[in-house]
Amino acid sequence: MATRPASDLTVSDLHKAFGDTVVLDGASLTVGRGEVVALLGGSGSGKSTLLRILAGLDADAGGTVDVPPDFGVVFQEHRLLPWKRVADNVALGLHGADARTRALAALTEVGLGDRGDAWPAELSGGQAQRVAVARALVREPSLLLLDEPFGALDALTRLRMQQLLERLRARHGFAALLVTHDVDEALLLADRALVLESGRIAEEITVPLPRPRHQDDPGFSGLRRHLLDRLGVPAV
Amino acid sequence: MTTTVTPAVLKPPTVPRRRTRKRWTRLVSPLVLLVVWEAAARTGVLPPEKVPAPSLVAETGWRLAADGQLTTHLLDSLTRALIGLGIGGSLAVVLAAAAALLRIGDDTIDPPVQMARMLPHLGLVPLLIIWVGIGEELKISLVALGSFFPLYFNTYAGIRDIDQRLVEAARTCGLNQWQLLRHVVLPGALPSLFLGLRLAIGAGWLSLVVGEQVNAQTGIGFLMMEAREFAQTDVVVLGLVIYALLGLISDVLIRFLEKRTLTWRRGLQAT
Ligand SMILES: Nc1ncnc2c1ncn2[C@@H]1O[C@H](COP(=O)(O)OP(=O)(O)OP(=O)(O)O)[C@@H](O)[C@H]1O
Ligand SMILES: [Mg+2]
């Protein structure tokens, strides 16, 4: 734990307000190379706003942002283009003759290698979200920005998706900033967890549990209790 | 508990049969009308100088087609319609795209278009005659004017209605402005564009009929005007039938184009 890997993403002193509502007020964070950082926070605390700034989708926010050029984004909804077949959605923005091959390879990695010719409307919610993951992965990014990527899925599918993400990360070694409101998800996947509150990072804990992790691991429930307290959900 | 379950064997085969039956039942009432009309004309219930029998109209159509007159008039009308639609339509799409995509475009283009929309463009005929004369330019200008507005408003609305979240997602895939236009904006606005095109074709024809009644030497509208002067009711009705057929054909063509380009929507309906 002494030497943290070289940082892949650095943002400092982010400011953002919608009219009179200040959403981000001096938030700073880093994500190391190959590190998975979970960003927790109450509903409306500004997590999505922060992620949009990192993805370059918000032009008029204050602060310094240093994001690697090769990042991928997965949103809470799949956001696939309904007028493109699945493989073409994944190949969006790819260049070269091997674009389709690469798209199909990415689809195979998320277990949908045979659905390349389907329309997005023909997929289930979980399948569509896997395609969105494939679309983010196909450029082999060094950083993934994930905004509650599994929030809309049922509990079983969510567990499978978490395992899938864990496998993909072990294979590709990308860093990730994972926005989530699910404390268990944060503890299962992340090396560190941050809590966003009042527009800044109010808490940072490292998750020292060995992988692969499980909810029953010793130490898990202690960390969960701590984070829940921090998020304003005290024990009853 | 399970006794209420009914076997689901009987239903499926009836579905396709009902479809085809429905198709040809739609032809019954026009055919009946035609027969009644023919009978009424033959028996003198309808005065022949007011409403000619359908068979007479068909005969006149055949005669005019055989001596080449009809083709000339039809080709001239079609040419005017196509040129006018091309000019008005492309202007509409370009201006609507500029207004919908750029703030400066919205500020400069949209207000005057919104104001001009309130003018009935056929009321501009006197002014247009002063500006462009009574030749071909007048007819083409009228068609262009008529087709401009429906296409402009539908394109504008179509682009504005595109889900902003899709645009964002596409941008995170590294698409530049031009690629966004091609992969997100154009396909997203296409259904509205087609709707605009349908309305534009209708408005274009309407304008052409009016335009061809001002000092034209050719065209379906001219044919009808001339026939009216000589009280050739059959030719007038023939002109109307031709307009109706042209409307039908253009609709079928657009439907075909829509089917080819909007397959993804059929996928949407299937689920
Ligand atoms: N486009 C916008 N215009 C005005 N206010 C906005 C806009 N987007 C977000 N906000 C406000 O900013 C605050 C933070 O929103 P944000 O979406 O970042 O929250 P969040 O932490 O992602 O919440 P959740 O967990 O529910 O997704 C909210 O109070 C929201 O109302
Ligand atoms: Mg959010």
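Student: Which part of A:Thr49 lies by an oxygen atom of ligand 1?
Tutor: A polar side-chain atom of A:Thr49 does, at 2.5 Å from an oxygen atom of ligand 1. Keep in mind that this is a predicted model.

Student: Okay, and what about A:Gly44 and ligand 1, how far apart are they?
Tutor: For A:Gly44 it is the backbone that comes in: one of its N or O atoms is 2.8 Å from an oxygen atom of ligand 1. A:Gly46 also uses a polar backbone atom, placed 2.9 Å from an oxygen atom of the ligand.

Student: Which residues is ligand 1 surrounded by?
Tutor: Starting with the stretch you already met, there are A:Gly42, A:Ser43, A:Gly44, A:Ser45, A:Gly46, A:Lys47, A:Ser48 and A:Thr49. A:Phe18, A:Val23 and A:Glu148 also belong to the surroundings of ligand 1.

Student: Switching topic: what domains does chain A have?
Tutor: The domain assignment gives domain 1, made of residues 1-70 + 142-236, and domain 2, made of residues 82-140. So you can picture it in the viewer, the C-alpha centres of domain 1 and domain 2 of chain A are separated by 25 Å.

Student: How many residues of each domain take part in the contact?
Tutor: Domain 1 of chain A brings twelve residues to the contact and domain 2 of chain A brings ten.

Student: And how much area is buried between the two domains?
Tutor: About 880 Å² is buried between domain 1 and domain 2 of chain A, with 72% of that coming from carbon and sulfur atoms. On the domain 1 side, the residues that lose the most area to domain 2 are A:Met161, A:Leu164 and A:Leu168, together 37% of what that side buries.

Student: How many salt bridges cross that domain interface?
Tutor: There is one salt bridge across the interface of domain 1 and domain 2 of chain A. Three residue pairs are in polar contact across that interface as well.

Student: Which element gives the largest share of the domain 1 side?
Tutor: Helix H5 of chain A, residues 155-172, does, with six residues on the side of domain 1 that touches domain 2. By class, that side of domain 1 has seven nonpolar, three polar and two charged residues.

Student: What do the side chains of A:Glu109 and A:Arg171 do?
Tutor: They meet in a salt bridge, with 2.3 Å from N to O.

Student: Now the two chains. How many residues does each bring to the contact?
Tutor: Chain A contributes 22 residues and chain B contributes 19 residues. Between them the chains bury about 1,900 Å², and 68% of it is on carbon and sulfur atoms.

Student: Which three residues of chain A supply more of that area than any other three?
Tutor: Those are A:Leu57, A:Arg79 and A:Trp83, which supply 32% of the area that chain A buries against chain B.

Student: What does A:Arg79 form a salt bridge with?
Tutor: Its partner is B:Glu168, and the closest N and O atoms of A:Arg79 and B:Glu168 are 3.2 Å apart. The count between chain A and chain B is three salt bridges, along with eight residue pairs in polar contact. The side of chain A that touches chain B has twelve nonpolar, three polar and seven charged residues.

Student: Last one: how many salt bridges are there over all chains?
Tutor: The count comes to 27 over all chains. One pair to look up is A:Asp184 with A:Arg224, whose closest N and O atoms are 2.9 Å apart. That pair links distant parts of the chain, 40 residues apart: A:Asp184 is in helix H6 (residues 183-189) and A:Arg224 is in helix H7 (residues 220-230) of chain A.

Terms used:
Residues numbered from 1 in each chain as written. Chains lettered and ligands numbered in written order. Predicted model: local features only at pLDDT ≥ 70, side-chain atom pairs only at ≥ 80, totals over all residues. Heavy atoms only, no water. Contact = heavy atoms within 4.5 Å. Buried area = accessible area lost by both parts, 1.4 Å probe. Salt bridge = Lys/Arg side-chain N within 4 Å of Asp/Glu carboxyl O. Polar contact = N/O pair within 3.5 Å; in protein donor to acceptor, adjacent residues only side chain to side chain. Helix = DSSP H or I, 4+ residues; strand = E, 2+ residues; numbered from the N terminus. Nonpolar A, V, L, I, M, F, W, Y, C, P; charged D, E, K, R; others polar. Near = heavy atom within 4 Å.
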